[in-house]
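Thanks for sharing this one with me. Here are my notes, set out point by point for reading beside the model.

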Amino acid sequence: MTTTATFPQRVRTQVPGPRSTEAHARRQRYVSSSVSSYMPIYIDRAEGSILTDLDGNEFIDFGCGIGVTSLGHGNAAAVDAMRAQLDRFSHTLFTVTPYELYTEVARLLTELTPGDFPKKAALSSTGAEAIENAVKVARSFTRRNGIAVVDHGYHGRTNLTLGMNYKAQPYSTGAGPRPGEIYRVPTSYPYRDGGQGGAAVARAAIKYLEKVSGADNLACFVVEPIQGEGGVVVPADGYLETIQAWCNENGILVIADEIQTGLGRTGKLFASEHFGFVPDIVVTAKAIGAGIPLSGIVGRAEIMDAMPAGALSGTYSGNPVACAAAVEVLGQLAAPGAMDRTAAIGERLRAGLEALKTKHAIIGDVRGFGSLFGVELIDSEGGPDAAAFQRVSRGAVERGLLVMAGGSDGHVLRLLPQVNITDELIDEALHILDEAFAAAR
Ligand SMILES: *Cc1c(COP(=O)(O)O)cnc(C)c1O
């Protein structure tokens with residue numbers, strides 16, 4: 001990257017600054033230490049892509065709360081919609097006395113998700129809850145129990161999802177036995193699997209599943225089309241297609257966990273579209289409520305009707321304020337040109353990051369689409385380098401850029417900027433990363 005632009009000085013104190021340090025001491029007295037914070041800078045306000053902390057430091061937000069505030073903090077139209085709904089009512093419980101906003105979100109989701117067949121949706125509050133609903137529906141519809149998942153996957157922190165995650169530490173350590181009938185297979189990880197090709201990895205996974213479970217024991221195959229926590233792992237062509245064909249032949253439902261990759265994050269409304277992948281059920285959450293908890297599952301109508309009335313809901317499922325935000329979010333993402341902008345952001349990021357890769361030997365791989373990128377950091381032997389990630393992320397935050405961690409070894413720099421961030425902020429972030437990589441050598 002060559003740039004002559006000068007950038008604002010965003011950070012004026014040590015990071016964390018004195019007021020954040022004070023807030024952190026208070027928090028440690030009252031908040032369970034099992035709740036962690038990756039970067040203990042206490043936020044005072046946020047607008048667009050900028051977070052401002054208690055000490056007045058600014059940070060370009062390349063995390064968006066893990067892809068939640070995708071259309072920017074304080075998105076004016078979403079905030080107006082939420083405010084208007086708050087003035088009407090904030091809760092009734094859809095299963096007691098319903099409201100039309102829930103139906104409208106369901107309708108929009110059935111139209112926007114991949115697959116040209118009749119669909120229905122059910123809303124919930126968190127991503128993990130929606131994953132649990134998807135699995136319940138799949139088991140109910142197929143009358144089978146087995147769940148197939150993949151290496152490096154992440155699906156949440158409830159009991160069922162702990163069993164579906166790849167990593168035990170820290171999610172399930174000491175939390176008792178994990179649920180059974182979950183079978184984990186390799187995923188296509190082109191940078192680390194020796195370039196076997198997606199179809200070959202899928203065939204090996206299928207052979208293993210046929211042995212350890214049997215296809216006719218499997219209710220569903222749950223997969224993130226591009227892995228988030230796992231380090232923005234983009235499968236080689238052929239992987240998802242081969243898995244899908246085998247699942248279809250064997251009556252196994254394909255469930256796409258698009259909680260992180262969906263809703264425009266990758267420059268398409270759903271990342272499945274990059275691979276021609278057509279899931280039976282799509283799971284969504286994170287960005288849909290513009291920061292208000294909301295999640296949902298959308299799938300083939302006959303599958304979504306499999307469970308008895310009353311099976312799918314909870315007190316807060318499809319909260320009306322969250323639904324008001326979602327209608328606005330889905331409208332903005334589906335507007336003409338919105339995804340073209342995110343795709344262009346992806347090209348700018350890719351070019352900038354590839355240029356940094358030629359300069360900095362600790363960068364092993366750059367991958368992603370749209371506003372979701374992973375930069376895999378390596379040691380001199382090419383192995384995963386988590387310490388390098390710590391140095392780079394520290395260097396970035398001290399210069400005013402907040403980046404996320406990813407990868408099963410904590411060695412992938414994960415970037416999730418606003419899906420309509422400006423070119424100026426992308427260039428400033430790339431400039432900061434250049435300095436942070438240089439300082440991390
Ligand atoms: C965040 C996430 C989840 C869990 O969602 P919660 O709302 O935290 O329960 C599940 N799957 C993926 C891919 C995620 O990124």
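1. A residue counts as near the ligand if one of its heavy atoms lies within 4 Å of it. Please keep in mind that this is a predicted model. On that footing, the residues around the ligand are Thr-126, Gly-127, Ala-128, Tyr-154, His-155, Gly-156, Glu-224, Asp-257, Ile-259, Gln-260 and Lys-286. Sorted by class, this shell has 3 nonpolar, 5 polar and 3 charged residues.

2. Which residues make polar contacts with the ligand? From the backbone, a polar atom of Ala-128 lies 2.8 Å from a ligand oxygen, and a polar atom of Tyr-154 lies 3.2 Å from a ligand nitrogen. From a side chain, an N or O atom of Gln-260 is 2.7 Å from an oxygen atom of the ligand. As for cover, the ligand on its own has 380 Å² of accessible area, and the protein covers 83% of that.

3. Tyr-154 deserves a second look, as this residue around the ligand also takes part in an aromatic pair with Tyr-171. The two rings are tilted, with 5.1 Å centre to centre and 50 degrees between the planes. Tyr-154 sits in the loop between β5 (146-150) and α6 (159-164), while Tyr-171 sits in the loop between α6 and β6 (182-185), and the two are 17 residues apart. Both tyrosines, Tyr-154 and Tyr-171, are buried.

4. On aromatic pairs in general, the structure holds 5. One of them is stacked: Tyr-38 and Phe-389, at 6.5 Å centre to centre and 25 degrees between the planes. This pair links distant parts of the chain, 351 residues apart, with Tyr-38 in the loop between α1 (18-30) and β1 (43-47) and Phe-389 in helix α12 (residues 386-398). Are the two partners buried or exposed? Phe-389 is buried, because its relative accessible area is 1%, whereas Tyr-38, at 36% relative accessibility, counts as partly exposed.

5. There is also an aromatic cluster to find in the viewer: ring pairs link Phe-89, Phe-94, Tyr-99 and Tyr-102.

6. Last, the cysteines. How many disulfides does the structure hold? The count is 0. Cys-247, for one, is in no disulfide, and the nearest cysteine sulfur, that of Cys-220, is 9.0 Å away; a disulfide would need the two sulfur atoms within 2.5 Å. Cys-247 has a relative accessible area of 0% and is therefore buried. Cys-64 counts as buried too, at 2% relative accessibility.

Notes
Residues are numbered from 1 along each chain as its sequence is written. This is a predicted model: local features need pLDDT of at least 70, side-chain atom pairs count only at pLDDT 80 or more; totals for chains, interfaces and linings use all residues. Side-chain values use heavy atoms; hydrogens and water are left out. A polar contact is a pair of N or O atoms within 3.5 Å; within protein, one must be able to donate a hydrogen and the other to accept it, and residues adjacent in sequence count only if both atoms are side-chain atoms. Accessible areas come from the Shrake-Rupley method with a 1.4 Å probe; for residues, only the protein chains shown count as cover. Ala, Val, Leu, Ile, Met, Phe, Trp, Tyr, Cys and Pro count as nonpolar, Asp, Glu, Lys and Arg as charged, and the others, Gly among them, as polar. Buried means under 20% relative accessible area, exposed over 50%, partly exposed in between (1.4 Å probe, protein chains only). Rings of Phe, Tyr and Trp (its six-membered ring) pair if their centres lie within 6.5 Å; planes under 30 degrees apart count as stacked, over 60 as edge-to-face and the rest as tilted. Helices (H or I, at least four residues) and strands (E, at least two) are DSSP runs, numbered from the N terminus.
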